[in-house]
Amino acid sequence: MTDRLYSVEEVADRLGLHVRTVRGYVRDGKLPATRIGKQYRINQADLEAFTGLPTPESLRESVARQRHSEVSSIVEVDAVDQTTADRVSSLLTGAAGNRFANDQPLRVQTFYDRERARLKVILVGGLGDTARLLEYMEGVLAS
């Protein structure tokens, strides 16, 4: 644990609160702080206890130790009609949006070119999630 001190402005920014709200928490004794001159400073341990979560620096340190992998895929499908392209697009965006908050981000973009009857799909996400989306896509296109 570090002895890092945060200003009221830094705490407000990190928590997405107004500065006056944080000052109110300090004045009410809900958030322990040390007065230095005319300003308050909040200890990292007190901020973690107040939020129940590690501060972003602590979080970054723990996340930095975890292995991370990401896939970027571009898939082009020729000779596909608008209806099939719409089905693929709906399936992929629905599957990508139906996830838990703690899951690794998964991004999907689709583009259909009517003149060329070409569907372009861009997938960015974890290895397993991307593989599943590609399997879903293959299932729709194979039928």
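## Helix packing, sheets and cores in a predicted model

The axes of helices H5 and H6 come within 10 Å and cross at roughly 155 degrees. Angles over 145 degrees count as roughly antiparallel, and H5 and H6 are therefore roughly antiparallel to each other. Their crossing is right-handed. On the H5 side the contact is made by Thr84, Arg87, Val88, Leu91, Leu92 and Ala95, and on the H6 side by Leu133, Tyr136, Met137, Val140 and Leu141. The model is predicted.

**Overall layout**

The protein chain has 6 helices and 6 strands. Along the sequence these follow the pattern β-α-α-β-β-α-α-β-α-β-β-α. Of its 143 residues, 27% count as buried. Among contacts between residues at least 6 apart in sequence, 58% join residues at least 24 apart.

**The sheet under H5 and H6**

An open sheet of 3 strands has the order S4-S6-S5, with antiparallel pairing. Strand S4 (71–77) and strand S5 (107–113) are the edge strands, each pairing on one side only. From one strand to the next the twist averages 10 degrees. Strand S6 (residues 118–125) is joined to S4 by 7 bridges. One of the residue pairings between them has Glu76 with Lys120 of S6 as its bridge partner.

Helix H5 (residues 82–97) lies across S5 and S6 and runs at about 170 degrees to S5. Helix H6 (residues 127–142) packs on the sheet, where it touches S4, S5 and S6; the direction of H6 makes about 10 degrees with that of S4.

**Nonpolar cores**

The largest nonpolar core has 14 residues, of which Val88, Leu92, Val108, Leu119, Val121, Leu133 and Met137 touch the most other members. H5, S6 and H6 are the elements that give two or more residues to this core. H5 gives the most, with 4 residues. Val121 touches Ser73, Ile74, Val75, Leu92, Gln109, Thr110 and Met137, leaving aside residues up to four places away in sequence. Apart from this core lies another, of 10 residues, among them Tyr6, Val11, Leu31 and Ile42.

**Strands S1, S2 and S3**

Strand S3 (residues 39–43) pairs with both S1 and S2. The table lists the two pairings.

| Strand pair | Bridges | Sense | One bridge partner pair |
|---|---|---|---|
| S1 and S3 | 3 bridges | antiparallel | Leu5 and Asn43 |
| S2 and S3 | 3 bridges | antiparallel | Ile36 and Gln39 |

Strand S2 covers residues 34–36. S2 and S3 form a hairpin with 2 residues between them, and Gly37 in the turn has a positive phi of about 65 degrees.

In a regular strand the side chains alternate between the two faces of the sheet. In S3 the covered face holds Tyr40 and Ile42, while the uncovered face holds Gln39, Arg41 and Asn43. Ile42 is also among the residues of the 10-residue core.

Ser7 lies in strand S1 (residues 5–7). With residues up to four places away in sequence not counted, Ser7 touches Tyr40, Arg41 and Ile42. Residues under 20% relative accessible area count as buried, and Ser7 is buried because its relative accessible area is 10%. The contacts of Ser7 thus include Tyr40 and Ile42, which form the covered face of S3, as well as Arg41, which belongs to the uncovered face.

Technical notes:
Residues numbered from 1 in each chain as written. Predicted model: local features only at pLDDT ≥ 70, side-chain atom pairs only at ≥ 80, totals over all residues. Heavy atoms only, no water. Pairing = 2+ DSSP bridges. Axes fitted to C-alpha atoms, helices over the stretch in contact; angles between N-to-C directions. Contact = heavy atoms within 4.5 Å. Buried < 20%, exposed > 50% of the residue type's maximum accessible area, 1.4 Å probe, protein only. Core = buried A, V, L, I, M, F, W, Y, C linked by side-chain atoms within 4.5 Å. Parallel < 35°, antiparallel > 145°, perpendicular 65-115°, else oblique. Left-handed = near helix turned anticlockwise from the far one by under 90°.
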